Every structure is written in structure tokens, then in C-alpha cells.
Amino acid sequence: MIVMIDKAFAERFAAEWIAAWNAHDLGRVLSHYADDFEMSSPYIVQMAGEPSGTLRGKAAVGAYWKKALGLVPDLKFELVKVLAGVGGIVLYYKGARGRTVAEVLQFGADRKVVRASAYYAD
């Protein structure tokens, strides 16, 4: 089932997501995701030792994010823009150390993230 994402939902989700990350509240961050979601990032290769760059499930991704938060204790995200589309959104934000990030989030019927991919600029 394709989930239509409207501007209001996208903006509300983005605000809640950024606030959860900035509070370093991993439980709150993970509440936005389906239990079996997939996360892809080039940092997964480096930090989690997973050569595919993809982790599956809250336990695996949660452990990876917990490690990342430990390595960057002053982590703060600054939302630049949220883009809404069919079935997903793109969060464009300033991440750790001012790095530019675009995160593509695809949603299931329950409006939980089922697939996420992060892209970074230097």
C-alpha cells in the first residue's frame, strides 16, 4: 500500500525526529521506525563493520546509533528542509560537525519508517 505523505505530516514528523535526536533519546528516535526497518549508510560499513552498509531491525540499528551517540556526545541536528513525496520524505539537515545530510525515509501503512538511507556531503 502506498502511503500519501502530506506537508503537515512531513513537517510534524521532521520536527519530532530532530527533537528526539537532539535530546539523544534513542527510544524516542526508534519509535518512528517499524520493528524490521532497514537503514543504509556509508557509516554502517565503518562503525558497525557491515560491508553491505545496511542494517535490519531496531536492535541492530539501535546498537549502531547508540555507538554513534557515544562517539559524538554533543550531536545536534539542524533541519534545513523537509520534502514530502509519495510514500516518503527527505530530511535535509546539518548533522554532526556541520556536515550536510539528506536522509530518505520510506513509510509503511502505519506511517512508521520501513526503509531509510542517509547521504552525506563533505
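Buried means under 20% relative accessible area, exposed over 50%, and partly exposed in between, with a 1.4 Å probe and protein chains only. The model is predicted: local features need pLDDT of at least 70, side-chain atom pairs count only at pLDDT 80 or more, and totals for chains, interfaces and linings use all residues. Residues are numbered from 1 along each chain as its sequence is written, and side-chain values use heavy atoms, with hydrogens and water left out.

**Exercise 1. Write down the fold pattern and judge the overall size.**

Step 1. Set the element rule: helices (H or I, at least four residues) and strands (E, at least two) are DSSP runs, numbered from the N terminus.

Step 2. Count the elements. The chain has four helices and six strands. Along the sequence they follow the pattern α-α-β-α-β-α-β-β-β-β.

Step 3. Compare the radius of gyration, taken over C-alpha atoms, with the globule rule of 2.2 Å times the number of residues to the power 0.38. The chain has 13 Å, close to the 14 Å from the rule for 122 residues, so it is as compact as a globular protein of that length.

Step 4. Add the box and the burial. The C-alpha atoms fill roughly 35 × 25 × 25 Å along the principal axes. Of the 122 residues, 42% are buried.

**Exercise 2. Lay out the sheet and place two helices on it.**

Step 1. Pair the strands. Two strands pair if DSSP finds at least two bridges between them. This gives an open sheet of six strands, ordered β2-β1-β6-β5-β4-β3, with mixed pairing.

Step 2. Find the edges. They are β2 (54-56) and β3 (78-85), each pairing on one side only. From one strand to the next, the twist averages 20°.

Step 3. Look at one pair. β1 (residues 33-40) runs antiparallel to β2, over three bridges. In this pair, Glu38 stands opposite Arg56 of β2.

Step 4. Add the helices. Contact means heavy atoms within 4.5 Å. Axes are lines fitted to C-alpha atoms, for helices over the stretch in contact, and angles run from 0 to 180 degrees between N-to-C directions. Helix α1 (residues 7-22) packs on the sheet and touches β1, β3, β4 (88-94), β5 (100-107) and β6 (113-121), at about 45° to β4. Helix α4 (residues 58-71) also packs on the sheet; it touches β1 and β2, at about 55° to β1.

**Exercise 3. Find salt bridges and classify the exposure of their partners.**

Step 1. Apply the rule: a side-chain nitrogen of Lys or Arg within 4 Å of a carboxyl oxygen of Asp or Glu. The count is four salt bridges.

Step 2. Start inside a helix. Glu11 pairs with Lys7, with the closest N and O atoms 3.9 Å apart. Both lie in α1, four residues apart, about one turn of the helix. Glu11 is partly exposed at 41%, while Lys7 is exposed at 60%.

Step 3. Move between elements. Asp35 meets Lys58 at 3.6 Å, N to O. Asp35 lies in β1 and Lys58 in α4, so the pair ties together parts 23 residues apart in sequence. Asp35 is exposed at 61%; Lys58 is partly exposed at 25%.

Step 4. Return to the facing strand residues. Arg56 and Glu38 form a salt bridge, with the closest N and O atoms 3.1 Å apart. Arg56 sits in β2 and Glu38 in β1, so the pair ties together parts 18 residues apart in sequence. Arg56 is exposed at 52%, whereas Glu38 is partly exposed at 24%.

Step 5. Extend the pair. Glu38, Arg56 and Arg115 are linked in a network of salt bridges.
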